Structure formats: C-alpha cells, structure tokens
Amino acid sequence: MTTRTYTVTGMACGRCAGFVTEELERVEGVTAVAVDVGGDRVTVTGEGELDTAEVRAAVEEAGYELTGVVG
C-alpha cells in the first residue's frame with residue numbers, strides 16, 4: 001500500500017470534493033481517497049506505487065489542478 005498527499009487548487013465545497021473523489025476512484029489501483037477542501041489537499045491510497053501523472057489527469061478531469069506532492 002502507498003499513501004500520498006497532493007495539493008489541489010480550485011476546490012471550494014463538498015461537491016468539489018465529490019467530483020475529485022469520483023475521478024480518483026477510477027484510477028487503477030486506488031483504494032481510498034480523502035479530500036480536505038479547506039486545506040487544498042487530497043490523500044490517495046493505492047495498491048503499490050501511485051502514478052502521479054495518472055492522479056494529476058484524474059484531478060484535471062474533475063476540473064481542478066494538482067499543484068504539488070506533499071508526501
């Protein structure tokens with residue numbers, strides 16, 4: 001299992017969190033998503049290594065911008 005936290009800009013409400021969660025759950029291997037709208041962070045847990053490019057693409061598909069990897 002791998003857990004990474006990403007900085008995501010543009011989220012403003014629970015509905016935003018829902019869009020991001022929905023797209024990230026479609027990424028192969030992702031097992032859990034936790035969104036902190038107030039902190040502009042998304043924590044993703046997956047089986048094995050997470051591909052930042054795939055995570056970024058999913059966030060962008062939801063309409064937001066992944067701006068960094070926190071950990």
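Modeller: A salt bridge here is a side-chain nitrogen of Lys or Arg within 4 Å of a carboxyl oxygen of Asp or Glu. This is a predicted model: local features need pLDDT of at least 70, side-chain atom pairs count only at pLDDT 80 or more, and totals for chains, interfaces and linings use all residues. Residues are numbered from 1 along each chain as its sequence is written, and side-chain values use heavy atoms, without hydrogens and water.

Colleague: Thanks! How many salt bridges does a search of the whole structure find?

Modeller: E22 forms one with R26, with the closest N and O atoms 3.1 Å apart. E23 forms another with R26, where that distance is 3.5 Å. R4 forms one with E49, also with the closest N and O atoms at 3.5 Å. For the whole structure, the search result is three.

Colleague: Is E23 buried or exposed?

Modeller: Buried means under 20% relative accessible area, exposed over 50%, and partly exposed in between (1.4 Å probe, protein chains only). Its partner R26, at 60%, is exposed. E23 has a relative accessibility of 15%, so E23 counts as buried.

Colleague: How many residues apart are R4 and E49?

Modeller: Helices (H or I, at least four residues) and strands (E, at least two) are DSSP runs, numbered from the N terminus. R4 sits in strand β1, while E49 belongs to the loop between β3 and α2. R4 is partly exposed at 23%, whereas E49 is exposed at 63%. This salt bridge links distant parts of the chain, and the separation of R4 and E49 in residues is 45.

Colleague: Happy with that. What is the order of the four strands in the open sheet?

Modeller: Strands pair if DSSP finds at least two bridges between them. β2 (30-36) and β4 (65-69) are the edge strands, each pairing on one side only. Six bridges join β2 to β3 (residues 41-46), and those two run antiparallel. The sheet, with antiparallel pairing, has the order β2-β3-β1-β4.

Colleague: Which residue stands opposite V35?

Modeller: Look along the antiparallel pair β2 and β3, where β3 covers residues 41-46. The residue of β3 opposite V35 is V42.

Colleague: One more: which element gives the most to the largest nonpolar core?

Modeller: A nonpolar core is a set of buried Ala, Val, Leu, Ile, Met, Phe, Trp, Tyr and Cys residues joined through side-chain atoms within 4.5 Å. The largest one has 20 residues, and those with the most contacts inside it include V20, L24 and V44. β1, α1, β2, β3 and α2 each supply at least two of its residues. With four residues, the element giving the most is α1.
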